[in-house]
Amino acid sequence: MESNHRTQIRSLPLYPLSYGAGLGQSSGVETGAAVRAWVEAWQAAWVAGDPAPLDAVYAEGASFRSQPFRDLQAPPEYAEWAFGEQDEAECWFGEPLVAGDRAAVEYWGIVRFRGADETIAGTAMLRFGPDGRVVEQRDTWNAQPGRFMPPDGWGR
């Protein structure tokens, strides 16, 4: 039988939200606590426009890709660039999905810069090391001019 992309996608296992709460946990980290710390750090950093809170949640040399086709960057360098033009920001994070040492988190932000609002919605795919800090992050996101609140049911 000839394999195609659709067949491969359908054959991937689906994991319930509780997967990783001890099962398949290869890194020794409690991923739920680690991802909550990551959310708190990003919430504080983004609103303040200050990348300093991120230092505590990323391992040295962490692999960070802010968009699929961008080069790797150090997380604080990316945050410094991203926050550099913002006048103010508010942001929300969805309920993390956890599997083993990995987590996925939706985020939503409204950023004001150059006198105009822009809404950003995205997802971060995270992998945590044994010490609970992020060793790999890949994001996908989109931006729209204007101010849009998260829709009903978002982030659950």
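Buried here means under 20% relative accessible area. Keep that cut-off at hand for this predicted model. This tour follows aromatic rings.

**Stop 1: Y78.** Select Y78 first. Its relative accessible area is 11%, so Y78 is buried. Look for Y78 in helix α3, which spans residues 75-83.

**Stop 2: F64.** Now add F64, in strand β1 (residues 58-65). F64 is buried too, because its relative accessibility is 1%.

Show both rings together. F64 and Y78 form a tilted aromatic pair. Their centres are 5.2 Å apart, and the planes make an angle of 45°. One partner sits in a strand and the other in a helix, so the pair ties together parts that are 14 residues apart in sequence.

**Stop 3: the full set of pairs.** How many aromatic pairs are there by the ring-pair rule? The count is 10.

Go to W46 and F93, which form one aromatic pair. Set the view to show the ring planes. The arrangement is edge-to-face, with 70° between the planes and 6.4 Å from centre to centre. W46 belongs to helix α2 (residues 31-48), while F93 belongs to strand β2 (residues 88-93). The pair links distant parts of the chain, 47 residues apart.

Buried or exposed: which is W46? W46 has a relative accessibility of 8%, so W46 counts as buried. F93 comes out at 16% and is therefore buried.

**Stop 4: the cluster.** Keep W46 and F93 selected. Add W38, W42, F83 and Y107. Ring pairs link these six residues, W46 and F93 included, into a cluster. End the tour here.

Note on methods: Residues numbered from 1 in each chain as written. Predicted model: local features only at pLDDT ≥ 70, side-chain atom pairs only at ≥ 80, totals over all residues. Heavy atoms only, no water. Phe/Tyr/Trp six-rings, centres within 6.5 Å; stacked < 30°, edge-to-face > 60°. Helix = DSSP H or I, 4+ residues; strand = E, 2+ residues; numbered from the N terminus. Buried < 20%, exposed > 50% of the residue type's maximum accessible area, 1.4 Å probe, protein only.
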